[in-house]
Amino acid sequence: MDMFPSDRQSALQRLDEFVQSGAAAYARTRNFVQAGHGNVSRLSAALRHRLLSEEEVITAVLAAHRFPAVEKFVQEVVWRTYWKGWLEQHPGVWDDYVRLALQPAPEVPSDETMSRFTEELRATGYMHNHARMWWAAWWCHQHGLPWAAGARFLYDHLLDADAASNTLGWRWVAGLQTPGKTYLARRDNLAKYWQDHGSLEGIDDHVRARIPPETADRSRVPLPEYPEVPPALEGKVALVGHADDLSIETTPLGAVRPNVIALVDQPGETDSAVKRAWRSRAMDDASARWMAHYGTDVARLPRWDALPAWIAESGCEAVVLMAPFVGPGADAWRPVRESLQSAGVRVVECRRAWDQRLFPGARAGFFPFWHKASPMVRLRHR
């Protein structure tokens with residue numbers, strides 16, 4: 001099994017192992033950066049692409065453990081939902097990141113401390129969450145480099161790179177997401193939580209926060225209205241899948257009986273080879289599962305803009321898909337949707353009940369959100 005499972009069956013197996021042997025200790029051990037990362041679930045990439053859903057993971061954990069014993073793990077899973085819900089309501093923040101990230105990127109600094117994390121990231125596509133905070137603080141405050149360039153570097157390499165979590169996490173470290181709050185890397189913190197830290201000479205304990213100017217439009221917009229269950233559709237129907245949700249057969253879309261199916265795989269132009277290889281395996285797995293579930297072949301499209309021609313050739317009158325989240329997928333999908341609708345094709349976008357239920361609460365900080373979300377999570381899994 002991959003260290004970071006790239007197929008649904010392996011992800012389910014890893015989840016079962018974590019439930020049995022890791023979930024109860026997670027709150028106590030999660031911040032420690034260890035070789036092999038056996039103290040965390042290593043399911044973040046599977047969750048990012050929804051080989052497993054947040055709800056599935058939480059259901060499995062709460063079926064085996066009392067809520068107080070695993071609350072910290074459940075909370076960390078729900079952080080992913082919170083970030084997504086917040087960015088859906090503040091798309092101007094994503095647009096600002098895209099604009100900034102297009103600017104020429106500086107070279108990644110090299111030193112004997114943080115370079116070890118850089119090398120692990122390039123080799124495996126993973127960096128422990130605590131290490132990401134140190135690395136981002138080192139980038140932003142010690143070296144004074146543009147936060148968006150650092151965010152882009154991690155996004156290009158991380159298997160679990162998520163537009164919301166990555167962008168907003170970097171903004172938080174830089175001092176933009178929560179005005180007045182930054183994160184600084186300190187030697188005593190690294191020494192405590194990094195068991196194989198070696199020399200920490202690369203960390204300057206006297207660094208002060210360098211907060212960049214805010215350039216994003218933080219206006220809140222209403223959440224789009226999406227159905228959870230697609231309506232009855234007449235004529236030929238195309239089902240379209242993409243990297244934001246690779247287990248659509250577990251959603252109400254599993255009951256759709258499409259005439260044709262397409263899986264759109266549009267990796268980032270600067271994605272690392274390691275990330276592309278993991279994503280390709282995950283796409284192969286999704287394609288095989290959907291072929292078995294729906295009983296029809298799955299066309300593989302290399303880009304979103306290949307979809308209109310494929311739809312026209314198939315003669316379909318309607319397209320059904322899970323709505324991509326704010327990020328690269330939604331950016332690429334938006335003009336394609338407009339093209340399809342202009343051609344008279346009916347487009348139906350759906351969203352999981354989990355997202356519909358929790359996204360509206362992601363308006364301010366995480367803990368007000370968690371105060372509202374935790375009773376819903378607990379009640380649903382009693």
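These points concern the β-sheet of a predicted model and the helices that pack on it.

1. The sheet is open and is built from five strands, whose order across it is β3-β2-β1-β4-β5, with parallel pairing. The edge positions are taken by β3 (298–301) and β5 (346–350), and because each of these has a single partner strand, one side of each is left without a neighbour in the sheet. From one strand to the next, the twist averages 25°.

2. Strand β1 (residues 237–241) is joined by four bridges to β2 (residues 260–264), the two running parallel, and within this pairing Val240 is placed opposite Ala262 of β2. Four bridges likewise connect β1 with β4, again in a parallel arrangement, and here Val237 has Ala318 of β4 as its bridge partner.

3. As for the surroundings of β1, five of its five residues are buried, so the strand is largely enclosed by the rest of the structure. Val237, Leu239 and Gly241 point to one side of β1, whereas Ala238 and Val240 point the other way, and all of them are buried.

4. Turning to the helices, α13 (residues 307–314) lies across β1, β2, β3 and β4 (318–322), and its direction runs at about 170° to that of β2. Helix α14 (residues 328–342) also packs on the sheet, where it touches β4 and the edge strand β5, and the angle between the directions of α14 and β5 is about 140°.

Methods. Residues are numbered from 1 along each chain as its sequence is written. This is a predicted model: local features need pLDDT of at least 70, side-chain atom pairs count only at pLDDT 80 or more; totals for chains, interfaces and linings use all residues. Side-chain values use heavy atoms; hydrogens and water are left out. Two strands pair if DSSP finds at least two bridges between them. Axes are lines fitted to C-alpha atoms, for helices over the stretch in contact, and angles run from 0 to 180 degrees between N-to-C directions. Contact means heavy atoms within 4.5 Å. Buried means under 20% relative accessible area, exposed over 50%, partly exposed in between (1.4 Å probe, protein chains only).
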